Amino acid sequence: MTDSLETLVESTVTSLGLDLEALDLTPAGNKRVLRIAVDRDGGVGIDHITDATRALSEVLDSSDVMGEQPYTLEVTSRGVDRPLTEPRHWRRNEGRLVRLRLDGDDSSVDGRIGASDDNGVEILGRAGETRYAYTDITSALVQVELNRKDT
């Protein structure tokens with residue numbers, strides 16, 4: 001993947017008020033699939049995805065960054081299966097259930113995401129509220145809750 005592709009995609013989604021969360025270009029037979037995940041404060045709806053798809057399609061078609069080989073463009077939201085890696089991910093998921101894997105002893109902690117800032121996050125777990133520095137967290141995934149009672 002070229003830097004020019006990432007730069008073009010990022011500037012396009014940023015102009016729409018979105019954050020580029022992932023960009024993946026994979027071969028699929030005799031063509032390629034360009035998957036782009038976006039997010040924003042307040043969440044991403046179908047209108048955001050539609051606007052991003054149109055804008056990206058237009059900008060990619062008018063440039064030579066994708067070359068001559070055909071491709072399929074897929075634009076999606078960040079989804080819950082992607083790990084929390086940036087402070088904005090924590091902020092946007094406040095109140096959600098998360099599983100942390102901690103550095104050092106590789107233990108895990110389940111709890112609700114509380115207040116967060118650029119350095120760390122408060123997690124409300126069984127032992128009460130504990131603050132974790134992002135540098136102490138090796139991985140963090142939002143847990144899917146199908147039957148949450150307190151919402």
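**Reading two domains and the contact between them**

User: Where does UniProt place the feature "domain: Ribosome maturation factor RimP N-terminal"?

Analyst: The UniProt record, an unreviewed entry, puts that feature at residues 8-81. Keep in mind that this is a predicted model. Over residues 8-81 the chain is 32% helix and 35% strand, and the C-alpha atoms at the two ends sit 26 Å apart.

User: How many helices and strands does the protein chain have?

Analyst: There are three helices and eight strands. If you walk along the sequence, you meet them as α-β-β-α-β-α-β-β-β-β-β. The C-alpha atoms fill a box of roughly 55 × 35 × 30 Å along the principal axes.

User: Which domains does the domain assignment give?

Analyst: The assignment gives domain 1 (1-77) and domain 2 (87-142). Taken over C-alpha atoms, their centres are 30 Å apart.

User: How do I read the interface between the two, and what area do domain 1 and domain 2 bury?

Analyst: The general idea first: people often give the size of an interface as the accessible area lost when the parts come together. In this structure, domain 1 and domain 2 bury about 390 Å² between them, with 21% of that on carbon and sulfur atoms. On the domain 1 side, D19, E21 and D41 lose the most area to domain 2, together 77% of what that side buries. As for contacts, six residues of domain 1 touch four residues of domain 2.

User: How many salt bridges are there between domain 1 and domain 2?

Analyst: Again, the idea first: side chains of opposite charge can pair when their charged atoms come close. Here the whole structure holds 13 salt bridges, and seven are counted between domain 1 and domain 2. One of the structure's salt bridges joins D19 and R88, with the closest N and O atoms 3.6 Å apart. You can also count six residue pairs in polar contact between the domains.

User: Which strand gives the most to the side of domain 1 that touches domain 2?

Analyst: That's strand β1 (residues 19-28), with three residues. Sorted by type, the residues on that side of domain 1 come out as one nonpolar, no polar and five charged.

User: What is the distance between the closest N and O atoms of R91 and D41, and which parts does the pair tie together?

Analyst: The R91 and D41 salt bridge has its closest N and O atoms 2.7 Å apart. R91 lies in helix α3 (residues 87-92), while D41 is in the loop between β2 (31-39) and α2 (46-61), so the pair links parts that are 50 residues apart in sequence.

Note on methods:
Residues are numbered from 1 along each chain as its sequence is written. This is a predicted model: local features need pLDDT of at least 70, side-chain atom pairs count only at pLDDT 80 or more; totals for chains, interfaces and linings use all residues. Side-chain values use heavy atoms; hydrogens and water are left out. Domain bounds come from an automatic or database domain assignment. Contact means heavy atoms within 4.5 Å. Buried area is the accessible area (1.4 Å probe) that two parts lose on being put together, summed over both. A salt bridge is a side-chain nitrogen of Lys or Arg within 4 Å of a carboxyl oxygen of Asp or Glu. A polar contact is a pair of N or O atoms within 3.5 Å; within protein, one must be able to donate a hydrogen and the other to accept it, and residues adjacent in sequence count only if both atoms are side-chain atoms. Helices (H or I, at least four residues) and strands (E, at least two) are DSSP runs, numbered from the N terminus. Ala, Val, Leu, Ile, Met, Phe, Trp, Tyr, Cys and Pro count as nonpolar, Asp, Glu, Lys and Arg as charged, and the others, Gly among them, as polar. UniProt positions are given in the numbering used here, feature names are shortened, and annotations may be inferred rather than shown by experiment.
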